[in-house]
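User: Hi! Please take a close look at one part of this model for me, the backbone in its loops, and then connect that to the rest of the picture.

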Amino acid sequence: MNHELSTMVKFGIIGCGRISHRFMQGLKQVDDASLVTAWSRRPETVKQFVDQYGGKACNSLDELLGSDIDAVYIATLPDSHSAYSIAALKAGKHVLCEKPAAVNLAQLEPVLHLAKTKGLLFMEGMKPPFYPLYKRLKEYLMVDPIGAAGYVRAGSAVMDCPPEHPNYSYDLVGGSIMQIAPYEAFLALDWLGPMTDIQAMGRFSGKQIDMFSIFQTQHKEGYAQLYCGFDLHGKGDALISGPLGHITIHKNWWNPAKATIDYVDGRLVELDEPYVAGGLNYEIEHFCELIRNGKTESPIITHELSRQMIAMLEEARKQVGLKFEGE
Ligand SMILES: NC(=O)c1ccc[n+]([C@@H]2O[C@H](COP(=O)([O-])OP(=O)(O)OC[C@H]3O[C@@H](n4cnc5c(N)ncnc54)[C@H](OP(=O)(O)O)[C@@H]3O)[C@@H](O)[C@H]2O)c1
């Protein structure tokens with residue numbers, strides 16, 4: 001990290017797949033942040049990527065980590081997230097790592113520990129809280145509250161993954177709990193506080209990974225009912241209930257743009273806050289601001305929240321019977 005030049009944040013990207021394209025769409029909207037280098041397992045993937053977005057194609061991980069960058073965006077699949085986070089932190093780079101940040105808690109802890117000891121920023125990519133709608137909703141509730149939220153119901157089930165998608169791969173740590181439920185875990189924890197209990201069920205439908213799972217969780221502040229899947233078409237909205245009213249974050253709640261607050265006294269309040277540029281720009285902006293301000297942890301996606309999210313997914317997997325290599 002070039003500590004003197006604290007305005008421009010120079011990124012290197014590891015893994016140039018689907019989400020990295022969306023990251024670039026967002027990055028273009030962020031002031032004083034740029035793509036400098038990229039590396040992916042297959043050279044042709046990197047070449048296509050830098051041809052489209054600029055930056056230099058690296059031939060190896062070492063070349064990327066040795067390049068003049070401040071931060072690394074890790075956008076490979078979850079099997080390699082913790083290893084690349086550790087490599088990047090060891091090389092003195094800040095890390096924004098796609099969700100889920102690790103396969104399990106045992107893999108996540110050394111990443112968080114290294115970030116702390118190195119004094120570097122580590123943040124898990126968890127986009128919803130940075131969207132304008134989500135922020136506006138929280139602000140609005142400060143002045144016109146629904147009371148303490150006591151129930152969250154949310155889920156996402158998608159039918160549009162092509163058969164070759166890594167979501168179906170056991171080796172690449174796929175499955176609906178690992179690939180979809182990080183968002184649901186975030187929502188429940190954000191509104192209800194730390195989880196105290198979980199009951200999960202899931203089915204594999206002949207695959208090595210869960211194709212559809214549901215879990216209900218007990219939290220300090222209430223209960224959540226969550227689902228995730230690849231072989232049903234789910235509704236994709238979220239419900240948050242309090243004693244004075246309930247909120248619907250309309251589909252797709254993980255890319256939030258519209259919400260309705262339905263108060264006990266009969267009032268309906270509609271919030272409408274479209275997002276731009278694919279939505280990752282808000283999370284990137286936050287990450288860059290943290291770097292510029294010398295912060296080593298996001299106050300929103302804290303290390304503790306990442307621990308709690310992965311712990312919830314790990315316990316849900318244990319209950320549905322999905323263990324990955326080495327677990
Ligand atoms: N934040 C969001 O909105 C969002 C949305 C979708 C996905 N995600 C998350 O983003 C991550 C990536 O998902 P995706 O859909 O972008 O997957 P993807 O399209 O398969 O992209 C992953 C890319 O990483 C490269 N790669 C995979 N394993 C690697 C390794 N071990 N070393 C180096 N490069 C490797 C692959 O490129 P080559 O093999 O071609 O080099 C591939 O193109 C997942 O964790 C997913 O959960 C986040």
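Analyst: Helices (H or I, at least four residues) and strands (E, at least two) are DSSP runs, numbered from the N terminus. This is a predicted model, in which local features need pLDDT of at least 70 and side-chain atom pairs count only at pLDDT 80 or more, while totals for chains, interfaces and linings use all residues. Residues are numbered from 1 along each chain as its sequence is written, and side-chain values use heavy atoms, leaving out hydrogens and water.

Let's begin with the loop between strand E12 (245-249) and strand E13 (258-263), where asparagine 252 sits. Lysine 251 is joined to asparagine 252 by a cis peptide bond, with omega about -10°. A cis bond also runs from lysine 99 to proline 100, with omega near -15°. Proline 100 belongs to the loop between strand E5 (94-98) and helix H5. A further backbone feature is at aspartate 32, in the loop between H1 and strand E2 (33-39). Aspartate 32 is not a glycine, yet its phi is positive, near 55°. For background, most residues other than glycine have a negative phi, and most peptide bonds are trans.

H1 and H5 bring us to the domains. An automatic or database assignment sets the bounds: domain 1 covers 9-125, and domain 2 takes in 129-279 together with 310-320. Their C-alpha centres are 26 Å apart. Where they meet, 16 residues of domain 1 are in contact (heavy atoms within 4.5 Å) with 19 residues of domain 2. Between the two domains there are 6 residue pairs in polar contact, with both residues at pLDDT 80 or more. Helix H1 (18-27) and helix H5 (105-118) are the elements that each supply two or more residues to the side of domain 1 that touches domain 2. H1 gives the largest share of that side, 4 residues.

A polar contact here is a pair of N or O atoms within 3.5 Å; within protein, one must be able to donate a hydrogen and the other to accept it, and residues adjacent in sequence count only if both atoms are side-chain atoms.

Finally, the ligand. It is surrounded by 24 residues (a heavy atom within 4 Å), and the closest are Ser40, Thr45, Tyr84, Lys127 and Gln179. Serine 40 places a side-chain N or O atom 2.7 Å from a ligand oxygen. For threonine 45, a polar side-chain atom is 2.5 Å from an oxygen atom of the ligand. Glutamate 98 faces a ligand nitrogen instead, with a side-chain N or O atom 3.2 Å away. Strand E5 (94-98), which borders the loop of proline 100, ends at residue 98.
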